[in-house]
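Trainee: Before the bench work resumes, I should like to go through the model with you. May I put my questions one at a time?

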Amino acid sequence: MKTSWRSASLVATAAALLALTTACGQDKGDQSTNGQNVGNAAPAQGGYGSDGYGDAGGGAEKDAAKAKSAGQLAVWDSKKLGRVLTDSAGFTMYRFDKDTAQPPKSNCDAACLKAWPAVPASGAKAAPGVDPALMGEVTAPDGTKQLTIDGWPMYRYAMDTAPGDAKGQGVGGTWYAAAPDGKKASPASAAQPADLKGLSTRKDPKLGEIVVDKNGMTVYRFLKDSAWPIKSNCVGACAQKWPAVPPVAKNDTENIPLKGYMTFARPDGTKQQTLNCWPVYTFSGDKKPGDTNGQGVGGTWYAAAPDGKPVGAPK
């Protein structure tokens, strides 16, 4: 079908308007991030066997779970388990006590792999702050080129059906969530890694990729602010509860898009950092790295995505 002259004119006008606002990219029509996959593995249907693994069931879903790449690995700060290694969708990685790391070897046989799919090495990228040299691969009993961390083969658990699940912890006395260095996760490992950038990101098991400051504290957006003109409407008592993020140099960031990355003067004259021209804040109610107590407060405060959008905000 031929495009009418009127349609072409409208397209050209829209393109011109878009060019005028490119610097601060106002996406008023979509203030939430895309949803994430929450089903890497089919839920187990049978009971646990004597070795701590049972029938995963699921047929084709099970095979798809087995083959799914881990992508960009991340670290989940669990209050109970400490620092836990996850895949790109926030699903827990596990290690098996009957395996060996020196030399790397998987002793999870075909029946075992139905409940504990091997994590493929292909496409996996080291978690931020973790030495990529710890990553390797070994051939699993089913032929999968399986990811290893410091020699330990990595697995998912079919009973984990949502990001942040760790239902495999302690199963059979042989399965444990893996720490970022391949060791067993433990509360003692919960300390925040050193040398965080001024602004970077972490993979939250419920919210997905969100921005954190140099102390690992969650960074937030306020829906009552504006990006063009840049303006903060959090002043007075609000500013005490929601401290403005001070300026952070561009070279002191990691995984942060630099489009619209600038500072502006607040009403009191102090400078505040923006993400895609949106003012950003931390929350006084967050007491430690990994806290997201400000999420959804008053229906106006939401964790900030790297592109400045408020994660989980209503559209």
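The exchange below concerns a predicted model.

Trainee: How many salt bridges are there, and how far apart are the closest N and O atoms of Arg156 and Asp87?
Mentor: The count comes to 7 salt bridges. Arg156 and Asp87 form one of them, and both residues are buried. Their closest N and O atoms are separated by 2.9 Å.

Trainee: Why does the pair Arg156 and Asp87 tie together separate parts of the sequence, and how many residues apart are these parts?
Mentor: Arg156 belongs to the loop between β8 (152-153) and β9 (175-177). Asp87 is placed in the loop between β2 (82-86) and β3 (94-96). The pair therefore joins parts whose separation in sequence is 69 residues.

Trainee: Which residue forms a salt bridge with Lys184, and how many residues apart in sequence are the parts that the pair ties together?
Mentor: The partner of Lys184 is Asp97, with the closest N and O atoms 3.1 Å apart. Lys184 lies in the loop between β9 and β10 (199-204), whereas Asp97 lies in the loop between β3 and β4 (100-101), so the parts tied together are 87 residues apart in sequence.

Trainee: Is Lys184 buried, partly exposed or exposed, and what of Asp97?
Mentor: Partly exposed residues fall between the 20% limit for buried and the 50% limit for exposed. Lys184 has a relative accessible area of 36%, and Asp97 has a relative accessibility of 29%. Lys184 is therefore partly exposed, and Asp97 also counts as partly exposed.

Trainee: Are the salt-bridge partners Asp204 and Arg202 buried or exposed?
Mentor: The closest N and O atoms of this pair are 3.1 Å apart. A residue counts as buried under 20% relative accessible area. Asp204 has 6% and Arg202 has 12%, so Asp204 is buried and Arg202 is buried.

Trainee: Which strands are the edge strands of the open sheet that contains β6, β7 and β8?
Mentor: The 3 strands follow the order β6-β7-β8 with antiparallel pairing. An edge strand of this sheet pairs on one side only, and the edge strands are β6 (135-139) and β8.

Trainee: Over how many bridges do β6 and β7 pair, and which residue of β7 stands opposite Gly136?
Mentor: Strand β7 comprises residues 145-149, and β6 pairs with it in the antiparallel sense over 5 bridges. The residue opposite Gly136 is Thr148.

Trainee: How many residues form the largest nonpolar core, and how many are in another core apart from it?
Mentor: The largest nonpolar core has 16 residues, and those with the most contacts inside it include Leu85 and Met93. Among the residues that Leu85 touches are Leu73, Phe91, Ile149 and Met154. Another core, with Cys112 and Trp116 among its members, lies apart and has 13 residues.

Trainee: How many residues of β11 are buried, and which of its residues stands opposite Lys203?
Mentor: β10 and β11 form a hairpin with 3 residues between them, and they pair in the antiparallel sense over 6 bridges. Strand β11 (residues 208-213) is mostly covered, 5 of its 6 residues being buried. Opposite Lys203 stands Glu209.

Trainee: Where does Val311 lie, and how far apart in space are Val311 and Glu209?
Mentor: Val311 lies in the segment after β18 (301-303), and is buried, with a relative accessible area of 3%. Val311 and Glu209 are 102 residues apart in sequence. In space, their C-alpha to C-alpha separation is 8.8 Å.

Terms used:
Residues numbered from 1 in each chain as written. Predicted model: local features only at pLDDT ≥ 70, side-chain atom pairs only at ≥ 80, totals over all residues. Heavy atoms only, no water. Helix = DSSP H or I, 4+ residues; strand = E, 2+ residues; numbered from the N terminus. Buried < 20%, exposed > 50% of the residue type's maximum accessible area, 1.4 Å probe, protein only. Salt bridge = Lys/Arg side-chain N within 4 Å of Asp/Glu carboxyl O. Pairing = 2+ DSSP bridges. Core = buried A, V, L, I, M, F, W, Y, C linked by side-chain atoms within 4.5 Å. Contact = heavy atoms within 4.5 Å. Lists of a residue's contacts leave out its neighbours within four places in sequence.
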